[in-house]
There are 2 protein chains.
Amino acid sequence: MCNLNTEDKILNASLVLFSQKGFNAVTTKEIAKEAGVSEMTLFRHFENKHNLFEKAFDKFVFSPKFLALFESLEWDLERDLTKICSSYQDTLYKNQKIILMHFKNEELNPQFDATLSKFPNELRNLLSDYFAEMGNRGIIQENPKVLANNFLATNFGLFITFLVMNNLTFETDIVACISSYVKIFVKGITC
Amino acid sequence: MCNLNTEDKILNASLVLFSQKGFNAVTTKEIAKEAGVSEMTLFRHFENKHNLFEKAFDKFVFSPKFLALFESLEWDLERDLTKICSSYQDTLYKNQKIILMHFKNEELNPQFDATLSKFPNELRNLLSDYFAEMGNRGIIQENPKVLANNFLATNFGLFITFLVMNNLTFETDIVACISSYVKIFVKGITC
DNA sequence: ACCCAATGTTAGTAACAGCTAACATTATAG
DNA sequence: CTATAATGTTAGCTGTTACTAACATTGGGT
């Protein structure tokens, strides 16, 4: 952690602290200390706190490539959904700090929301198309849009539950939960 | 909103603002203004900001009566789960501000987590027992604990998705999503 | 050995936070 | 009408925050 360059050390520290406490509750002194750097250095590199926040966001937001994923599907419900699940969970996991930042901060960055909504929306459309095609093939018959929403919301729900409520709720692990969910979901929607 | 007594006006304003921005990001001046009251009055009633936070929490936390709910069940999967769903969603809805407060604030109040974890844990145990009994009756065969976790996490996920991501994700409404979810879940777990 | 760029250190500013004290105003009840 | 309690107003204190200026220190490249 020490042989990173200065900017990265500061950005890392920012991400950690902003996601833990939110923008207003974190001080620049705190960030500097966490980064192992003088506060002055922080301002020399990022001008002001708000700018630092934006740079941290830009650097750490992870945009997945769902299109490739959907081209690799096999039109086998359980296999495909398992694949999609783990890809989506992976994306959520990689963005967990960013997502927490979003939860803790109100409308700090207008493009913040836009960026964060991009990949769920993309995934939702791809999923909806996938379900529609599965409907055409006579495999399922529910409304594809509702299914897509449902599937995404459940995945996000499982993710957020295990991420933020782990100390206060469930003891089963998320992998078991998800694989069980996919099995039930597949059986539940198959004609 | 104006014929409430002073303490209630302040507590209401606190809840709104704390859940929107988090403890540190809200000022006592802001709360006083939102409550339509002088800042001095706020301190006269609640001594300090932290105490105000705790009082707001104590006042607005809503503890449901799940035991009565489970005694009223009919051992018909879809009907029962629909009932449980809507009761849980109702609880979440009534506690939404409190839940948001929990999301935005790190370990401010030690009993905070304990209180908030009480009712999901209670519900989880009741649900798990319910599924176990349904297993004994030969209606389902999955692991009751995993099912309970799954059911709760999905419900929480749907709730939180619609609560906090409504501007950036899905356009379907939550009632449709939930009723669809229950149907799929029931079909998916029935032998 | 020297330069220069990156860092650290210290001191400080202006704004604002939480909070208090003192006094003025209102309202209500006897 | 008056006494009393609840509120408002103002001014200010104390600490902290974001941020700046000025100078000191380090360390690698030539």
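Start with chains A and B together: chain A can be laid on chain B with an RMSD of 0.1 Å by a turn of 180 degrees and a shift of 0.0 Å along the axis. That is the relation of a two-fold axis. The superposition is by least squares on the C-alpha atoms of residues with pLDDT of at least 70 in both copies. To find the axis from chain A, select A:Gly157, whose C-alpha is the one nearest to it, at 1.5 Å.

This is a predicted model, in which local features need pLDDT of at least 70 and side-chain atom pairs count only at pLDDT 80 or more, while totals for chains, interfaces and linings use all residues. Residues are numbered from 1 along each chain as its sequence is written, and chains are lettered from A and ligands numbered from 1 in the order in which they are written.

**Chain A alone**

Hide the rest and show chain A as a cartoon. Chain A has 10 helices and 0 strands; helices (H or I, at least four residues) and strands (E, at least two) are DSSP runs, numbered from the N terminus. The C-alpha trace of chain A spans about 65 × 35 × 30 Å along its principal axes.

**H6 against H10**

Select residues 77-94 of chain A, which form helix H6, and residues 174-189, which form helix H10. Their axes are 10 Å apart and they pack at an angle of about 140 degrees. Axes here are lines fitted to C-alpha atoms, for helices over the stretch in contact, and angles run from 0 to 180 degrees between N-to-C directions. That angle makes H6(A) oblique to H10(A); under 35 degrees counts as roughly parallel, over 145 as roughly antiparallel, 65 to 115 as roughly perpendicular and the rest as oblique.

Now show side chains. From H6(A), the contact uses A:Leu77, A:Glu78, A:Leu81, A:Thr82, A:Cys85 and A:Gln89. H10(A) answers with A:Ile178, A:Val182, A:Lys183, A:Phe185 and A:Val186. By class, this contact has 7 nonpolar, 2 polar and 2 charged residues. Ala, Val, Leu, Ile, Met, Phe, Trp, Tyr, Cys and Pro count as nonpolar, Asp, Glu, Lys and Arg as charged, and the others, Gly among them, as polar.

**Where A meets B**

Bring chain B back. 41 residues of chain A are in contact with 41 residues of chain B, contact meaning that C-beta atoms, placed from the backbone, lie within 7 Å. On the chain A side, helices H1 (6-21), H7 (96-104), H8 (110-136), H9 (144-164) and H10 each give two or more residues. H9(A) gives the most, with 12 residues. The chain A side has 18 nonpolar, 15 polar and 8 charged residues. The same surface serves both copies, as 100% of the contact residues of chain A recur in chain B.

**The DNA strands**

Select DNA strand C next. Around strand C are 13 residues, of which A:Thr6, A:Ser38, B:Thr27, B:Asn48 and B:Lys49 are the closest; a residue is near a strand if its C-beta atom, placed from the backbone, lies within 6 Å of it. H3(A) gives the most to this surface, with 3 residues.

Move to DNA strand D. Of the 13 residues around strand D, A:Thr27, A:Asn48, A:Lys49, B:Thr6 and B:Ser38 come nearest. Here the largest share, 3 residues, comes from H3(B). The surface near strand D has 4 nonpolar, 6 polar and 3 charged residues.

Terms used. Contact = placed C-beta atoms within 7 Å.
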